[in-house]
Amino acid sequence: MLLKYKYKLKPHKSQSVIISNWLEIARKQYNYRLAERLNWFEATRTPVNACPLNVSVVPVEGIYQNIPEFRIQTRDGRKKDSNGNPITRKGDKHPNIINGYVVWETVQLADLAQTKKLFPEYKSMHSQVLQDVIQRVQTTMDNFTLPDKKGKTSGRPKFKGKHYYNSFSYPQLSNTNIVKNANGRCCVNLPKIGLVPLVFNRPIPDRFKVKTGTVIREADGWYISFTIEDKSVPVEVAEIQPTEQNSKGIDLGLLHYAVTSDGEFVEVPKFFRLSEHRLSKLQVRLAKKSKHSKPWKILKGKIAKLHQLIARQRLDWQFKLAYHLFSDCQVIFLEDLLLANLLRRCKAKLGSNGQFLPNGQSAKSGLNKSLQDAAFGQFVQVLEYVAWKLGKRIIKVDPKGTSQHCWECLSKVPKSLSERWHSCSNCGQELHRDYNSALLIQKIGLLSTQEEDITSVKTAVRAFLPEESRALP
Ligand SMILES: [Zn+2]
């Protein structure tokens, strides 16, 4: 089990100078290394139909004369074979360019020695932190060039401005790095920075080992996030057989945050709206100040802190809601939401002579505010975590058709987003539309765990509804 524990750092003045200095150096290094990668990427990229597949068309020697062809290993490798001999040895020769492709990560890692010679300020930085910067570049380039499981890649990596590079990582920390200083205060021993006091508000759980530490800049100061791991704790969630009594369906929505199949309507709390109001007022004031002036900077700081407050309030509320939802059930059925689907525009409604009729899009755009967007994905994660912690279970259900079908008789009752009421002409069900969805989600969820060939509303309709009643308008 891998967890993240975050603590507030309370560095001394001299330490915070070092930390912000390192962050700036790391940002410069990141941008420089990213530029190297992107230059090469642009120079060697050709149209697909003219691409020689595995060989760069531009002679690589011409583009990068300062990339040596071979790299000579300076010490024995850490990995060992079955006889205990290191797999790679000191003095081994490794090619830097294979089939015309530059092995960028190793080349850039090896080049750090040169960087330190040219720019002595890099010597002040811990070597592993600097190496981690290059690994970050590698990750962003991988995300950009290599498609994921769904065949998608992320966008072209961006150079990071001063306020967009906010953390650096120690890839190897351990529990012994958390110590008490001479005054008995809890500190983290960050190599090359020293003992930095921290607010140790919760202990690292027993048997969990600290793996890495990331120092993060936030609106109200510095934080450190440890990844901790205990391999003996299983990640799997409990296998509970859901029944009608021990489970509940939940429909997440924009008007009500969540509606459960017990008929509980969870509203978005008022304090979100209040903070939003305060935020918009501050933003109006900010717009009147001249940019980068002192009052502008002060206001900017206030806005950043308010954003932080809103995010924290939201997370806290979501945790409370998750515990509340699990308080009287074992299994929760949830729509397998894709954020993209939620944010999609409403379907256009056409009148009899081809004009556009109101389709509720303006109302939806208003609701698509950041508050709702970001929160659902996060809420699902919170629910999963809480389920794991309580030994309960989350089952995701295909969301297709859950708002358009009747939960009782499964016949189709089409409605636009603005229609909030579900009334079925087939079986006479009359109830709130989201409540209907929640009940339907539970029904489909239960069916999917009992019968193999039912996975969605569509398959359930096919299995239970006679042919003629499927075609209801
Ligand atoms: Zn019905």
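**Exercise 1. Which residues of E18 lie on its covered face, and which on its uncovered one?**

Solution. The model is predicted. Start with the general pattern: in a regular strand, side chains alternate between the two faces of the sheet. In E18, Arg393, Ile395 and Val397 form the covered face. Ile394 and Lys396 form the uncovered face. Next, place the strand in its sheet. E18 runs parallel to E15, and five bridges join the two. One such pairing sets Leu334 against its bridge partner in E18, Lys396.

**Exercise 2. Determine whether Val129 is buried or exposed, and list what it touches.**

Solution. First locate the residue: Val129 belongs to helix H4, residues 127–145. Then apply the cut-off, under which a residue is buried if 20 or more other C-beta atoms lie within 10 Å of its own. Val129 has 21 such atoms within 10 Å, so it is buried. Leaving aside residues up to four places away in sequence, Val129 touches Trp22, Ala26, Phe168, Ser169 and Tyr170. Finally, consider a residue further along the chain: Pro191 is 62 residues from Val129 in sequence, and their C-alpha atoms are separated by 9.8 Å.

**Exercise 3. Check the length of H4, then find where its buried residues point.**

Solution. Begin with the span. H4 has 19 residues, and at 1.5 Å a residue it should span 27 Å; the end C-alpha atoms are 27 Å apart, so the two values agree. Now list the buried residues of H4: Val129, Leu130, Val133, Ile134, Arg136 and Val137. They cover an arc of only 155 degrees around the axis, and therefore lie on the same side of H4. What do they pack against? Their partners are helix H1 (13–44), helix H3 (104–118) and strand E6 (167–170).

**Exercise 4. Describe the largest nonpolar core and name the elements that supply it.**

Solution. In soluble globular proteins, nonpolar side chains tend to be buried together. Here the largest nonpolar core has 33 residues. Those with the most contacts inside this core are Ile250, Ile332, Phe333, Leu334, Leu383 and Ile441. Among the elements that each supply at least two residues of this core are strands E12 (247–252), E15 (331–335) and E18 (393–397), together with helices H6 (294–326) and H9 (370–390). Take Ile332 as an example: not counting residues up to four places away in sequence, it touches Lys248, Ile250, Leu325, Phe326, Leu383 and Ile394. Another core lies apart from the largest one; it has 26 residues, including Leu34, Leu130, Tyr170 and Leu173.

**Exercise 5. Find the strands that pair with E1 and give one facing pair for each.**

Solution. Take E11 to begin with. E1 (residues 2–9) and E11 (residues 221–229) pair in the antiparallel sense over seven bridges. Within this pairing, Tyr7 stands opposite Ile224. Turn next to E9 (residues 194–199), which also runs antiparallel to E1 and is joined to it by two bridges. There, Leu9 stands opposite Leu198.

**Exercise 6. Summarise the whole chain and say where the prediction has low confidence.**

Solution. The chain has 12 helices and 20 strands. Of its 473 residues, 21% are buried. Residues 24 or more positions apart account for 62% of the contacts with a separation of 6 or more. For confidence, the mean pLDDT of the chain is 84, and 88% of the residues score at least 70. By element, helix H7 (residues 339–342) has the lowest mean pLDDT, 56, and E6 the highest, 96. Where pLDDT is low, the predicted coordinates should not be read in detail.

Conventions: Residues are numbered from 1 along each chain as its sequence is written. This is a predicted model: local features need pLDDT of at least 70, side-chain atom pairs count only at pLDDT 80 or more; totals for chains, interfaces and linings use all residues. Helices (H or I, at least four residues) and strands (E, at least two) are DSSP runs, numbered from the N terminus. A residue is buried if 20 or more other C-beta atoms lie within 10 Å of its own, exposed if 12 or fewer, and partly exposed in between; C-beta atoms are placed from the backbone. Two residues are in contact if their C-beta atoms, placed from the backbone, lie within 7 Å. A nonpolar core is a set of buried Ala, Val, Leu, Ile, Met, Phe, Trp, Tyr and Cys residues joined through C-beta atoms within 7 Å. The expected span of a helix is 1.5 Å times one less than its number of residues. The arc is that of the directions from the helix axis to the C-beta atoms. pLDDT is the predictor's confidence in each residue, from 0 to 100. Two strands pair if DSSP finds at least two bridges between them.
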